[in-house]
Each structure stands twice: as C-alpha cells, then as structure tokens.
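User: Please take one part of this molecule and walk me through it slowly, as I am new to reading structures.

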Amino acid sequence: MAFSDNVWWTRKARIQAEKRLLSNAFQSQILLLWYSFSGVASAIYYLSLGESSANPELSGIAWVVFSVLVLCISGFINGLSFKERAGLIKECYETLSGLYHKAKDVNANLLCLSYEYDQILGVCENHTDRDYYLALCIEHVTKSGKVDASTGCKAGLDRCPTWYHWTFLVYCYGCRWLMLLALYLLPILIFIVLEYLK
C-alpha cells in the first residue's frame, strides 16, 4: 500500500465528512424553523380557543415546555458549529490534494511528506468510519474499469468495500432517517396527544 494511496483515501473520506457536516447544518436549520413555526402555530391555535378548551392549563404548559426545548436545541445546534467544522475539513482535503501530487513523485522524500501529512491532519477533526466507508463504496461504484480478479477491486483502486461496509452504511442511513423522521414528527405528536387529553 503506497503512501500516496493513504493520502488519496484520507482526502476522499474528508470530502464525505464535509458533506455530512453540511447536511447536518441544513437539517438542523430546517428543524429549528419547523419547531419555531409549530410553536407559534400552536400558541395561536390555543389562544383562539381561549377558555373553551377543556384543559387550557395543560396545553399552555406543554407548549411552554416545547418553546423552552426549541430554545435549548438552538443553543445546542449553534454550539456544534457544523459549518465552521466543515470549512476546516474542506481546507484539510484541499491541502491533501497538493500533498497527494507530491507523494506521486517517485523521488519524493516520504519522511518529510509523512510529517507534512500528520501536520495537515492535525488541523481539523478526523473523519468517521462512516465517512471512510462511504468514500470506499462510492469510489468502487463510480470507478470505471474492470474488476481485478486477484484483489476483487476495480482497476486503479488498492482497496474495495466488503459486505460489512455496505451493511454498516445501510444501518447508518436507516438510523439517520428514522431519527430525522422522529424529530420532524415530534411537534405533530405533541399536538395529537394534547388534543386527545382535552
């Protein structure tokens, strides 16, 4: 396994890490917008009912708790700094691109390049296993060429995904979409429960 291959795969995994963080930033902003809208809509709804509601105290308390939850979530999401972290990762993989071209040179000093590689990786957080597995699977699927019979990898790739990588990715994406579905449905479920308890 050549040093240049390690740099190349690290770069590909960091690209997936940036995409993941940007996706998280987008989903968190949409969720905050949805929760804020739900809170305002429910407040208007229960204000319009006034005293005609069978249990106005319960609904009022529940939506106040929900509003505090939205406030806490917005502070928590702001603290995660998805966009800033994605920017650091982008800077890292762009720098890795230059290092990769240096590493492809036959006369390159691998000791100096290895030190530079370590310095570049220290600039930002590491990618996750999911990012690496996703990069591995994407490159395997999108790379043109025949599969090498001895390695089972496509021509030009020094490694290829196993059934574990594919299963892990399906599991990760399933969990992600279930969690997002639950988060998006939370205000609706609260409303349904409160209407049922009237």
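How do the residues of the lining of the largest pocket divide into nonpolar, polar and charged?

Analyst: This is a predicted model, in which local features need pLDDT of at least 70 and side-chain atom pairs count only at pLDDT 80 or more, while totals for chains, interfaces and linings use all residues. Residues are numbered from 1 along each chain as its sequence is written, and side-chain values use heavy atoms, with hydrogens and water left out.

The lining of the largest pocket divides into twelve nonpolar residues, three polar ones and one charged one (Ala, Val, Leu, Ile, Met, Phe, Trp, Tyr, Cys and Pro count as nonpolar, Asp, Glu, Lys and Arg as charged, the others as polar). The volume of this pocket is about 400 Å³, the space filled by probe spheres set on its joined grid points. A pocket is an open set of points on a 1 Å grid where a 1.4 Å probe fits, with protein on both sides within 12 Å along at least five of seven lines, and lining residues have an atom within 4 Å of a point. Of the 16 lining residues, Ser28, Leu31, Phe82, Met179 and Leu183 are the closest to the centre of the pocket.

Three helices (DSSP runs of H or I, at least four residues) each give at least two residues to this lining, namely α1 (3-49), α2 (56-80) and α6 (163-197). The largest share, six residues, belongs to α1.

Two of these helices, α1 and α6, also pack against each other, with their axes 11 Å apart and an angle of about 5° (axes are lines fitted to C-alpha atoms over the stretch in contact, with angles from 0 to 180 degrees between N-to-C directions), and they are therefore roughly parallel, a word kept for angles under 35 degrees. Their contact (heavy atoms within 4.5 Å) includes Gln27, Ile30, Leu31 and Trp34 of α1 and Leu180, Leu183, Tyr184 and Pro187 of α6. By class, that contact holds 14 nonpolar, four polar and two charged residues. Leu31 and Leu183 thus appear in this contact and among the residues closest to the centre of the pocket.

Each of the two helices has a further partner. Helix α5 (residues 129-142) packs with α6 at an angle of about 120°, their axes lying 10 Å apart. Among the residues that make the contact are Tyr133 and Cys137 of α5 and Trp166 and Leu169 of α6, and by class it has eleven nonpolar, two polar and one charged residues. On the other side of the comparison, the axes of α1 and helix α4 (residues 110-121) come within 11 Å and cross at roughly 15°, and these two are therefore roughly parallel to each other.

Technical notes: Angles under 35 degrees count as roughly parallel, over 145 as roughly antiparallel, 65 to 115 as roughly perpendicular and the rest as oblique.
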